[in-house]
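Visitor: Please take a close look at chain B, part by part. Put whatever is needed about the rest of the model before it, and give the cut-offs as you go.

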Amino acid sequence: MATRASAPSAPVTISTRVDKVGLRPKVTRAIRAFVVVILTVLILLPVVWMVMTSLKSPSDVVAVPPKIIFEPSIESFIFLVTERVQFPTRQEADEFRARDDLKWYEKKVAERGQKITRVGDFPKQLRNSFIIAGTSTIFSVLFGVLSAYAFSRFKIPGEGDLLFFILSTRMLPPVAVTIPIFLMYRELGLDNTYFGLILLYTTFNLSFSVWLLKGFIDEIPKEYEEAALVDGYTRLQAFRKVVLPQAVTGIAATTVFCFIFAWNEYAFAAMLTSDATRTAPPSIPSIQGVGRIEWETIAAASLVFLLPVVIVTFALRKHLLRGVTFGAIRKG
Amino acid sequence: MATIELINVEKKFGPSYAVKPMNMTIHSGEFVVLLGPSGCGKTTTLRMISGLEAVTDGQILFDGKDVTWLHPSDRDIAFVFQFFALYSHMTARENIAFPLQAQGEPRDSIRKRVEEVAKMLRIEHLMNARPGGLSGGDQQRVALARALVRRPAAFLMDEPLGALDAEFRESMRAEIKRLHIEQNATTVYVTHDQIEAMAMGDRVVVMSAAVVQQNGTPAEVYHDPANLFVAKFIGSPGMNLIQGHYADGRVALPGDNRYDVPADWHTTIHEAIGRDGDIILGFRPEAAHISASGPIATTVYTTDLHGSYTMLHLEIDRDTIVDVRAGRGTNYPIGTPARFDLDPAMVRFFDPKTEMAIRKGGNP
């Protein structure tokens with residue numbers, strides 16, 4: 001574009017910022033919106049597909065071409081929480097179906113020629129996941145807050161080295177140490193225990209939570225505690241009454257991230273747990289169907305597994321946005 | 001209200017001094033201002049008094065009692081911070097009540113006391129607001145209320161007005177002064193604003209480079225600065241300081257000017273630098289007056305109108321420009337010659353070698 005000295009004109013009263021008007025910015029904006037839409041679709045498609053699959057009947061699941069419109073069914077969820085056997089003959093199945101003391105879910109199952117033998121393993125595995133992920137998250141955040149506070153406020157000899165050391169536990173892929181940890185855990189009797197996995201997840205998460213929380217606590221002016229100290233509070237009281245409430249955002253963000261990691265962890269859980277302590281992630285892909293692969297059951301399991309993370313994230317979403325962008329925004 | 005004594009108190013960060021050993025007594029009920037440019041050690045001094053910063057050597061006494069190693073919460077002081085340090089997760093009322101809760105006072109008496117203090121600071125209507133929703137001035141009022149509520153032995157204030165708009169600063173200055181008088185509270189107040197220091201302090205302690213430069217009343221530090229630093233730092237603009245050469249009752253000034261030293265100064269100067277030697281002549285802009293018969297010849301460099309008066313910047317020679325206050329009635333065009341004379345009672349002399357003031361009766 002040629003630049004030319006412009007003649008005096010009427011005062012400009014609308015925005016003339018080059019990024020707001022003109023053809024190019026408009027095109028840019030359109031492209032941006034388009035990309036966002038495509039990305040959203042790409043990310044949400046598997047989730048939508050999973051939800052659809054979980055609501056399909058066994059025959060619809062494998063239908064080709066895939067059915068977009070189908071009659072929803074909750075069979076998959078009954079399958080998920082039960083252990084079943086197939087009746088060996090058609091006749092036995094029909095006789096069983098004819099009985100009138102069947103519960104509604106037994107009827108549903110009987111229509112497939114199956115009989116419920118007991119409650120399935122999945123509820124227990126989900127409970128194990130809750131216990132392990134929940135406890136390790138609490139520990140990660142608790143210890144993380146305490147040590148982040150110490151790093152942030154006190155003069156600690158070798159502070160930089162210590163922080164680097166803490167972070168260095170993240171510098172190799174955890175899978176690289178699975179075999180040594182497996183052997184160690186077997187020697188120590190920590191395999192197949194809640195404590196073992198809680199300890200492991202807490203260890204992994206702690207480096208992350210210390211660093212993240214230190215950033216948040218650094219941003220809280222130390223005058224807040226000093227004011228409390230002068231006003232007659234001890235350091236611990238000042239920490240509890242002044243620092244913690246100010247660090248809520250950081251604690252919430254850290255909690256979500258730690259929980260997601262511990263909840264989703266697959267490799268160690270697969271290796272270090274069996275029946276009694278098995279968590280949900282390694283059990284979902286190994287769901288045994290009765291006479292076939294029950295895709296709808298696997299989809300239902302994934303959906304149920306997803307919900308806690310969605311709920312936790314949703315509950316703390318207000319803090320999260322600031323959490324993930326922390327450092328970029330200064331408090332006013 | 002407490003008397004605060006600092007005895008050889010010093011603070012070192014590594015090998016360098018933040019505060020060199022200093023002695024100071026702040027009497028009960030006194031308003032003492034620590035004044036100095038940033039990094040001069042004034043805030044560190046205040047923080048040592050509060051106990052938020054440990055001394056590296058020396059002693060701090062409150063009413064004769066050694067508190068040097070006492071926890072801040074055991075010193076019975078209140079601290080007001082520059083950025084208020086109000087807890088954003090509490091309302092104004094909760095903020096003010098916070099120090100009383102630490103002492104485990106019964107709820108009723110806390111509520112009564114909070115109301116009392118709120119009334120004193122005229123913030124009753126803001127009590128349920130959170131700090132984020134208050135103006136800077138109101139935030140500082142709440143912070144002051146939080147400091148007042150406990151009736152502490154001393155108030156320590158670290159640039160409490162520094163973060164406020166000019167408009168609030170003026171009115172808050174008066175409010176703090178008034179509060180001080182009503183409460184008769186020992187107050188140590190840190191600022192880098194010399195106008196604030198002069199306006200508020202019973203006593204001003206001027207600090208620079210980790211050292212106390214002068215400790216005196218506002219009038220003393222203004223009219224009788226102890227050294228060149230104080231002379232330049234206090235006043236807006238600071239004192240005019242002209243390099244000259246003294247011989248036999250006369251100072252030879254740049255531009256072939258001569259100034260006859262008032263006779264009552266002769267002996268003092270002779271004792272300080274001898275009958276012949278370099279000297280610095282100092283005077284405040286209001287100590288000079290334009291007069292056709294004045295001994296010092298200059299040309300007008302520029303002038304600025306300050307409303308009630310005009311400040312003339314007069315060029316004695318290329319390197320020496322002095323500020324002289326003149327009435328606003330006369331216009332002095334740039335480049336016109338002007339002569340001025342000095343009020344003999346208001347001239348001061350400094351020794352260029354030691355940078356100290358030459359004082360009648362010697363340096364205290």
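Guide: The mean pLDDT of chain A (the predictor's confidence in each residue, from 0 to 100) is 85, and 90% of its residues score at least 70. This is a predicted model, in which local features need pLDDT of at least 70 and side-chain atom pairs count only at pLDDT 80 or more, while totals for chains, interfaces and linings use all residues. Residues are numbered from 1 along each chain as its sequence is written, and chains are lettered from A, ligands numbered from 1, in the order in which they are written.

Among the elements of chain A, helix H6 (residues 122-153) has the highest mean pLDDT, 94, and helix H16 (residues 317-324) the lowest, 69. Helices here are DSSP runs of H or I with at least four residues, strands are runs of E with at least two, and both are numbered from the N terminus. Two stretches of chain A stay under 50 in pLDDT: residues 1-6 and residues 327-332. Counting contacts beyond four places in sequence (C-beta atoms, placed from the backbone, within 7 Å), the model has zero for residues 1-6 and three for residues 327-332. Where pLDDT is low, the predicted coordinates should not be read in detail.

Chain A has 16 helices and two strands. Of its 332 residues, 30% are buried, where buried means 20 or more other C-beta atoms within 10 Å of a residue's own, exposed means 12 or fewer, and partly exposed lies in between, with C-beta atoms placed from the backbone. Of the contacts in chain A with a separation of 6 or more, 77% are between residues 24 or more positions apart.

Chain A meets chain B through 14 of its residues, which are in contact with 17 residues of chain B. On the chain A side, helix H10 (223-230) and helix H11 (235-246) each supply at least two residues. H10(A) gives the most, with six residues. That side has eight nonpolar, three polar and three charged residues; Ala, Val, Leu, Ile, Met, Phe, Trp, Tyr, Cys and Pro count as nonpolar, Asp, Glu, Lys and Arg as charged, and the others, Gly among them, as polar.

Now chain B itself. It has nine helices and 21 strands, and its C-alpha atoms fill a box of roughly 75 × 45 × 35 Å along the principal axes. Buried residues are 43% of its 364. Its contacts between residues at least 6 apart in sequence include 65% that join residues at least 24 apart.

Chain B is divided into domain 1 (4-232) and domain 2 (238-358), with bounds from an automatic or database domain assignment. Their centres, taken over C-alpha atoms, are 38 Å apart. Seven residues of domain 1 are in contact with eight of domain 2. The domain 1 side of this contact has four nonpolar, one polar and two charged residues.

One open sheet in chain B has four strands with antiparallel pairing, in the order S2-S1-S4-S5; strands pair if DSSP finds at least two bridges between them. Strand S2 (16-26) and strand S5 (65-66) of chain B are at the edges with a single partner strand each, so one side of each has no neighbour in the sheet. Strand S1 (residues 4-13) and strand S4 (residues 57-62) of chain B run antiparallel and are joined by five bridges. B:Ile7 has B:Gln59 of S4(B) as its bridge partner. Helix H1 (residues 42-50) of chain B lies across S1, S2 and S4, at about 120° to S1(B). Such angles run from 0 to 180 degrees between N-to-C directions of axes fitted to C-alpha atoms, for helices over the stretch in contact.

Strand S6 (residues 77-80) of chain B is joined to strand S7 (residues 154-158) of chain B by four bridges, and the two run parallel. B:Ala78 has B:Phe155 of S7(B) as its bridge partner. From S6(B), B:Ile77 and B:Phe79 point one way and B:Ala78 and B:Val80 the other, and all are buried.

A second open sheet of chain B has five strands with antiparallel pairing, ordered S15-S19-S16-S17-S18. Strand S15 (288-290) and strand S18 (320-326) of chain B are its edge strands, each pairing on one side only. The twist from one strand to the next averages 45°. S15(B) pairs with strand S19 (residues 337-342) of chain B over three bridges, and B:Ile290 stands opposite B:Phe340 in S19(B).

Last, a single residue: B:Ile273 belongs to helix H9 (residues 266-273) of chain B. With 19 other C-beta atoms within 10 Å, B:Ile273 is partly exposed. Leaving out residues up to four places away in sequence, B:Ile273 touches B:Tyr246, B:Ile279 and B:Asp351. The C-alpha atoms of B:Ile273 and B:Lys353 are 9.5 Å apart, across 80 residues of chain.
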